[in-house]
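I opened this entry to look up how the chain is built overall and then to follow one helix through it.

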Amino acid sequence: MTGVFVTIEGPDGAGKTSAIKKLERMLKKNLQVDLIVTREPGGIPIAEKIRQIILDPKNMEMDERTEALLYAAARRQHLIEKILPALEKNTFVLCDRFVDSSLAYQGAGRKIGVEAVASINQFATEGLTPDLTLYLDVDPETGLNRIQKGRTQAELDRLDQESAVFHQRVQHEYLKLAEQFPERIVTINARKGLDQVVTECYQVIKQKYADKFHS
Ligand SMILES: Nc1ncnc2c1ncn2[C@@H]1O[C@H](COP(=O)(O)OP(=O)(O)O)[C@@H](O)[C@H]1O
Ligand SMILES: [Mg+2]
C-alpha cells in the first residue's frame, strides 16, 4: 500500500472538524497526490445504517458492548469500501476519528475496558493502524464550552456532572495513548486559536511526508 493514512483525534469540541476543513484546502493545493477527507461512519450506506441503530433513542436497551461491536462493524465497512481502496491508489487519506476514539470513549469513557475494545477493533481492522495521528488536546471544560455555545437550555441540561467525569476519562485515555505510541501520535495543544492549531497540524504532516508535497 502506497497511500498515507492520517487520522485526527480528540475530545468533543477539540476542533477536529473545523481543523480538517482548513487542512483539506491547504493539502489539496500543496499535495502532489490525490486527497480524500472522510469521517466515521464514512457516508457509506451500510455504515450509515449501523450508525442509525446506534443513535436511535428508541434503542434504550442497547448494551455497551453491543454498541462497541456496532462501531467496530461500521468502521470495518468504511475501511473496506473507502479507506483501503484509496490507500491502494496512493491517495492521501485524512479521517476524522478512528480506533483511538473507541478506545477513549467506549474503553475508558464507558468503562468497557481499553483492552477489550482494542481486541474487537483489531479484528475489525486486521491491524491496520494510521501512519500518523494528530491528537487535538483540550480539557473537557474548554471543549464542552465551545460546543455548548449556541445550544438551547434543554440541550445544555443533558451535559450534567456525570458527563463531565465521562469526558475527563476520555481525555485521560487519549493522553495515555499518546504516551504509549509516541511514534504515531502527535499531540497538538488545541486550546490555542484554530489557525495556530491548523498551522501546527499542517507542519507535522508536511515534515513527515515532504516527498508527497510539491516542492
Ligand atoms: N481552536 C479553537 N478555538 C476556539 N474555538 C474553536 C477552536 N476550534 C474549534 N472551535 C469551535 O468549537 C466548536 C467545535 O468545533 P468542532 O470543529 O466541531 O470540534 P470537534 O469536531 O472536535 O468536536 C465550533 O463552534 C468551532 O467553531
Ligand atoms: Mg467533529
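For accessible areas I used the Shrake-Rupley method with a 1.4 Å probe, where for residues only the protein chains shown count as cover. By that method the accessible surface of the chain comes to about 11500 Å², and 51% of this belongs to carbon and sulfur atoms.

I note that this is a predicted model, in which local features need pLDDT of at least 70 and side-chain atom pairs count only at pLDDT 80 or more, while totals for chains, interfaces and linings use all residues. Residues are numbered from 1 along each chain as its sequence is written, and side-chain values use heavy atoms, with hydrogens and water left out.

I looked up the secondary structure, taken as DSSP runs numbered from the N terminus (helices are H or I, at least four residues; strands are E, at least two), and found nine helices and five strands in the chain.

I then turned to helix 3. Its 25 residues (64–88) should span 36 Å at 1.5 Å a residue (counting one less than the number of residues), and the end C-alpha atoms lie 34 Å apart, which agrees. Just after helix 3, asparagine 90 takes a positive phi of about 70°.

I checked which residues of helix 3 are buried (under 20% relative accessible area, 1.4 Å probe, protein chains only), and among them are Glu67, Arg75, His78 and Leu79. The buried residues of helix 3 pack, by contacts of heavy atoms within 4.5 Å, against elements including strand 1 (4–9), helix 2 (45–55) and helix 5 (114–125).

Technical notes: Chains lettered and ligands numbered in written order. Buried < 20%, exposed > 50% of the residue type's maximum accessible area, 1.4 Å probe, protein only.
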